[in-house]
Amino acid sequence: MLGKLGDWTMPFGPYSPAQLVVLGGGAFVLIQTFSWWSWAGPVPVVAWLVSVWAVRGAQIAGQNPFTAILGVLVVLTRHPAGRIGGCTARDRQPSYLGGQFVIEPAHTAAPAVGLATGVVSSGVRAAGSGLDRLLAGAGRAEA
């Protein structure tokens, strides 16, 4: 609420910021458009003063109208990607991965000897996982 500007006390004050905006903006509009409404007499001036009185407790969703309008302006001017750490979020530059791979034929292993039974298995272990290769190598080392 504003009721005093310097040493000057505002008549009929204190005023809210919304009332001051309506008061100043309405006075400017009435002065600029005097030729349009002068035939109506004091009715537009009375309507202006009533509107100043009416906005004394104006709230939009429980907020001061200026705070609500500022929030709407912030949302409308915000970057669509949003913010990360206070900076505008940007997409990273694409990076291409280079490299090569080699496909080797599967090795045929010698018949493996069973560890517990000592029986030679006739199956061939494929070079699939590292555990299979390790077990295939262990069977050859004992034989």
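User: In what order do the elements of the chain run from the N terminus on?
Analyst: In this predicted model, the order is β-β-α-α-α-α-β-β-α. The chain has five helices and four strands.

User: What makes Phe-34 and Trp-37 an aromatic pair, and why is the pair called edge-to-face?
Analyst: Ring centres have to lie within 6.5 Å to pair. For Phe-34 and Trp-37 the distance is 5.2 Å centre to centre, so the two rings pair. The angle between the planes is 85°. Planes over 60 degrees apart count as edge-to-face, and therefore this pair takes that name. The structure holds one aromatic pair.

User: Where do Phe-34 and Trp-37 lie?
Analyst: Both are in helix H2, which covers residues 34-37. Three residues separate them in sequence, about one turn of the helix.

User: Why does Trp-37 count as buried, and why does Phe-34 count as partly exposed?
Analyst: Buried means under 20% relative accessible area. Trp-37 has 15% relative accessibility, so Trp-37 counts as buried. Partly exposed is the class between buried and exposed, and exposed means over 50%. Phe-34 has 48% relative accessibility, so Phe-34 counts as partly exposed. Over the chain, buried residues make up 13% of the 143 residues.

User: How do you know that the charged end of Arg-56 sits over the ring of Trp-53?
Analyst: One condition is that CZ of Arg is within 6 Å of the ring centre. For Arg-56 the distance to the centre of the Trp-53 ring is 4.1 Å. The other condition is a direction within 35 degrees of the ring normal. No angle is quoted here, but the charged end of Arg-56 is assigned as sitting over the Trp-53 ring.

User: Which residues line the largest pocket?
Analyst: The lining consists of Phe-12, Pro-14, Tyr-15, Gln-19, Leu-23, Leu-49, Val-52, Trp-53 and Arg-56. Helix H1 (17-32) and helix H3 (43-54) are the elements that give two or more residues to this lining. H3 gives the most, with three residues. About 190 Å³ of space lies in the pocket.

User: What makes Val-22 partly exposed?
Analyst: The relative accessible area of Val-22 is 24%. Buried would require under 20% and exposed over 50%, so Val-22 falls in between. Val-22 is found in helix H1.

User: Which residues does Val-22 touch, not counting residues up to four places away in sequence?
Analyst: Val-22 touches Ala-27, Trp-48, Ser-51, Val-52 and Val-55. Each of these contacts means heavy atoms within 4.5 Å. The C-alpha atoms of Val-22 and Ala-54 are separated by 9.9 Å, with their positions 32 residues apart along the chain.

User: Why is Gly-24 called partly exposed?
Analyst: Gly-24 has a relative accessible area of 42%, so Gly-24 is partly exposed. Its place is in helix H1. Gly-24 and Val-52 are 28 residues apart in sequence, and their C-alpha atoms are 9.7 Å apart in space.

User: Why is His-107 called exposed, and where does His-107 lie?
Analyst: Exposed means over 50% relative accessible area. His-107 has 55%, so His-107 is exposed. This residue lies in the loop between strand S4 (87-88) and helix H5 (130-142). From His-107 to Arg-133 the C-alpha to C-alpha distance is 9.9 Å, and the two are 26 residues apart in sequence.

Note on methods. Residues numbered from 1 in each chain as written. Predicted model: local features only at pLDDT ≥ 70, side-chain atom pairs only at ≥ 80, totals over all residues. Heavy atoms only, no water. Phe/Tyr/Trp six-rings, centres within 6.5 Å; stacked < 30°, edge-to-face > 60°. Buried < 20%, exposed > 50% of the residue type's maximum accessible area, 1.4 Å probe, protein only. 1 Å grid on protein atoms, 1.4 Å probe; cavity = no way out; pocket = protein on both sides within 12 Å on 5 of 7 lines; lining within 4 Å. Points joined across faces, edges and corners; volume = space filled by probe spheres on them.
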